[in-house]
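Good morning, everyone, and thank you for making time for this. Please have the sequence and the model open in front of you, and follow along as I go from one part to the next.

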Amino acid sequence: MPLLGPLVAYLPTPRGPEGDVRTEPLEELADRAIRAGVSGIAVLGSTGGYPYLTAPERTRVVEAAVAVADGRVPVVAGVGAFTTDEVVMHTIVAERAGSAAVLLPTLAYLPLTDAEVLDLVEEVADAAQVPVWIYHNPVSTSFRYSVDALARAAAVPGVGGVKDRGSDAAELRDRVRALSAAVPEHVEIGCSGDVLGVEGLLAGARTWHSGLASVLPDWYVAVATAAAQGRADDAGALMSRLAPFAERVAALGGPRAVHAVARLVGVDVGVLPAPLRPVDRDGVAALDEALTTLGTPTA
């Protein structure tokens, strides 16, 4: 039985004035997203700023997400780290905290080779007791999976899915189709990208992974539902309205802007970890104006 449905919302990690992790705003965002109809929530992804968190902080985040989800939707926990031993440790802790799957990025200081990445996937999947989702994020990790390399990694026993991306709609559609033909049948294909991810659903991917969905769940649920049901015209019409806002968020720096949007929708997620700076006053004003113009997906 497939684990993830059409839309997984990736939550930011709220912090207090001293940088301490705060679970209450995370729980509020998670509950809002679940009530809006997302099919899963994820923590400790790029939106969640996992490289900036200590091991105890990561544990606290996963535990809070699992508690608020309360079995309503699966929780996916990121386990990225610089060494394989650290990744395995984070994987074990996330499993014990109740995550339904773990998300494996290729975090590294030195550029990794295909062989090194395959070693990482094999060792983590061998240690994991829950499905491993392979995360392709070349912008943040500087490692770019070819379709062939991703298909080889997806064939490793214990891998349950892939989270792929493309540089444009055409490339994403091509990658989804190629992966659909190459990966084992049980491996779920997902796509990231607050703008392009819907193209993956329309091309046959199972899941759209989105950071902006954590703060605009109604919009993303509406688009993802239409796309998953094959209503391409409806999905396209909704996305034509949503895309300008999502593109503005991307231009301001996705995770930074998600923090700003969270405040605009009424949830204070606190400060970013230094040296990251928040979106400036002009940027917040532009987001606020664009959010007002966006309205609701049924308007």
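A residue is called buried when its relative accessible area is under 20%, and exposed when that area is over 50%. Please keep in mind throughout that what you are looking at is a predicted model.

With those cut-offs in hand, let me begin with Tyr-220, whose relative accessible area is 0%, so Tyr-220 is buried. What does Tyr-220 pair with through its ring? The partner is Trp-208, and the two form an edge-to-face aromatic pair, with 5.1 Å from centre to centre and 65° between the planes. This pair links distant parts of the chain, since Trp-208 sits in strand 8, which covers residues 207-210, while Tyr-220 belongs to helix 9, 12 residues apart. Trp-208 also has a relative accessibility of 0%, and therefore counts as buried.

Counted by the distance between ring centres, there are 2 aromatic pairs in the model. Besides the one I have just described, Phe-143 and Tyr-145 form a pair, and because their ring centres are 5.0 Å apart and their planes stand at 90°, this pair is edge-to-face. Phe-143 and Tyr-145 are both buried.

While we are at Phe-143, please look at Asn-137, which touches Phe-143 together with Ser-46, Ser-142 and Arg-165, if we leave out residues up to four places away in sequence. Asn-137 lies in the loop between strand 5 (132-135) and helix 5 (138-141), and is it buried or exposed? With a relative accessible area of 5%, Asn-137 is buried, because that value is under the 20% limit.

Now let us return to helix 9 and ask how it packs against another helix. In general, two packed helices are described by the angle between their axes and the distance between those axes. Here helix 9 (residues 217-228) packs against helix 10 (residues 232-251) at an angle of about 145°, and the axes are 9 Å apart. The crossing of these two helices is left-handed. On the side of helix 9 the contact involves Trp-219, Tyr-220, Ala-222, Val-223, Ala-226 and Ala-227, and on the side of helix 10 it involves Asp-234, Ala-235, Leu-238, Met-239, Arg-241, Leu-242 and Ala-246. If we sort the residues of this contact by character, we find 11 nonpolar, no polar and 2 charged.

One of the contact residues in helix 10 is Ala-246, whose relative accessibility is 1%, so it counts as buried. Setting aside neighbours within four places in sequence, Ala-246 is in contact with Asp-194, Val-195, Leu-212 and, once again, Tyr-220.

This brings me to the interior more broadly, where, in soluble globular proteins, nonpolar side chains tend to be buried together. Which residues touch the most other members of the largest nonpolar core? In this core of 95 residues they are Ile-41, Tyr-220 and Phe-245, and the largest share of the core, 8 residues, comes from helix 10. Leaving out residues up to four places away in sequence, Ile-41 touches a list of residues that includes Val-8, Ala-30, Ile-34, Ala-65, Val-73 and Val-76. Apart from the largest core lies another, of 9 residues, and among them are Val-8, Ala-101, Trp-133 and Tyr-135.

Of these, Ala-101 lies in strand 4 (residues 101-104), and its relative accessibility of 0% is why it counts as buried. Beyond four places in sequence, Ala-101 touches Leu-3, Val-75, Val-76, Ala-77, Val-130, Pro-131 and Trp-133.

Finally, a few words on the backbone. Most residues other than glycine have a negative phi, and most peptide bonds are trans. Leu-44, however, has a positive phi near 65°, and is found in the loop between strand 2 (40-43) and helix 2 (55-69). Asp-70 also has a positive phi, of about 50°, and is found in the loop between helix 2 and strand 3 (75-78). Leu-44 is buried, because its relative accessible area is 2%, whereas Asp-70, at 63% relative accessibility, counts as exposed. As for the peptide bonds, a cis bond joins Ala-274 and Pro-275, with omega about 15°, and Pro-275 is placed in the loop between helix 11 (254-264) and helix 12 (281-294).

Notes:
Residues numbered from 1 in each chain as written. Predicted model: local features only at pLDDT ≥ 70, side-chain atom pairs only at ≥ 80, totals over all residues. Heavy atoms only, no water. Axes fitted to C-alpha atoms, helices over the stretch in contact; angles between N-to-C directions. Helix = DSSP H or I, 4+ residues; strand = E, 2+ residues; numbered from the N terminus. Left-handed = near helix turned anticlockwise from the far one by under 90°. Contact = heavy atoms within 4.5 Å. Nonpolar A, V, L, I, M, F, W, Y, C, P; charged D, E, K, R; others polar. Buried < 20%, exposed > 50% of the residue type's maximum accessible area, 1.4 Å probe, protein only. Core = buried A, V, L, I, M, F, W, Y, C linked by side-chain atoms within 4.5 Å. Phe/Tyr/Trp six-rings, centres within 6.5 Å; stacked < 30°, edge-to-face > 60°.
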